Amino acid sequence: MDFLPLNKNGRHVYIGVFRRAGAGIIDTLVLVPFSVAFYYLESLSIGVAIVLAVVASGLYAGYAVVCHACFGATVGKGLMHIRVTQPDGARITWRHAVLRSSPFLVFALLLAIAQIVALLQVDTAAYSAASWLERNRHVVPHLPPWHTVVTVSLNAWIVIECVVLLLNTRQRAIHDFIAGTVVIHRDFSVPYQDALRAKRRMPA
């Protein structure tokens, strides 16, 4: 496996935790309108809320997979000039994208199941009569005990990911090792370099 150098043209190639966090914040803001819409639509009925638990889980988990597979970056990463690539800077495949997001796909699935289990036990009349601010008070008591375990495990996973990222020279998180990917500055990715070369060859 051929890796890009740590530094190139006097610049650091690999992206660290703070810039990744910035991209993550932007991606969260991108998804906020969907979250607001889903939260409002959940008030229509228990059935709609159950369907949206599945849809929301697929959207949030699938967002990264589709963006990485098609563009090598989410919206946040694109704005931060970050690309997810193979070790040599080449574009990643759908397989890379799915493997990279696989831990989060598992957590998203488990949390969606927990939400559905809770919704199936909620009193329909009380849920329908509750305001959008009060609905969680009806749902939370019915969440299965393992929901807490999953939530704590997710938070622990994120912390461990950050620690691993900080402790290796190419700043790869665990999901990068799983998928065989790296996170680099856009300028050093093969597609970007190819685009620059093509632009230089164009007649004036």
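Val-117 is located in helix α4, where a helix is a DSSP run of H or I with at least four residues, a strand is an E run of at least two, and both are numbered from the N terminus. Val-117 counts as partly exposed because its relative accessibility is 31%; the classes are buried for under 20% relative accessible area, exposed for over 50%, and partly exposed in between, with a 1.4 Å probe and protein chains only.

I should state at this point that the model is predicted, that local features need pLDDT of at least 70, that side-chain atom pairs count only at pLDDT 80 or more, and that totals for chains, interfaces and linings use all residues. Residues are numbered from 1 along each chain as its sequence is written, and side-chain values use heavy atoms, with hydrogens and water left out.

Which residues join Val-117 in the nonpolar surface patch? They are Val-106, Leu-109, Leu-110, Ile-113, Trp-146 and Val-149, and the patch covers about 570 Å². The elements that contribute two or more residues to it are α4 (94–119) and α7 (146–166). Helix α4 gives the most, with 5 residues. Patch members have over 30% relative accessible area and no salt bridge, with nonpolar side chains (Val, Leu, Ile, Met, Phe, Trp, Tyr) joined within 5 Å and like charges within 9 Å. A salt bridge here is a side-chain nitrogen of Lys or Arg within 4 Å of a carboxyl oxygen of Asp or Glu. The areas come from the Shrake-Rupley method with a 1.4 Å probe, and for residues only the protein chains shown count as cover.

Let me turn to the overall arrangement. The protein has 9 helices and 4 strands, and along the sequence they follow the pattern β-β-α-α-α-β-α-α-α-α-α-β-α. Its C-alpha atoms fill a box of roughly 70 × 40 × 25 Å along the principal axes. Of its 204 residues, 40% count as buried.

Pro-144 offers an example from a loop, the one between α6 (135–139) and α7. Is Pro-144 buried or exposed? Pro-144 is buried, because its relative accessible area is 9%. Between Pro-144 and Ser-101 there are 25 Å in space, C-alpha to C-alpha, and the two are 43 residues apart in sequence.

Two other loop residues deserve a remark on their backbone. Most residues other than glycine have a negative phi. Asn-9, however, has a positive phi of about 55°; this residue lies in the loop between β1 (7–8) and β2 (11–12) and is exposed, at 70% relative accessible area. His-81 likewise has a positive phi, of about 60°. His-81 belongs to the loop between α3 (75–79) and β3 (82–85) and is partly exposed at 32%.

Next come contacts between charges and rings, for which NZ of Lys or CZ of Arg must be within 6 Å of the ring centre and within 35 degrees of the ring normal. The charged end of Arg-135 sits over the ring of Tyr-39, 4.7 Å from its centre. Arg-170 lies over the face of Phe-3, with 4.2 Å to the ring centre.

Finally, the cysteines. How many disulfides are counted? The count is 0, a disulfide being a pair of cysteine sulfur atoms within 2.5 Å. For Cys-70, the closest cysteine sulfur is that of Cys-67, and no bond is possible because 7.6 Å is too far. Cys-70 is partly exposed, at 35% relative accessibility, and Cys-162 is partly exposed at 31%.
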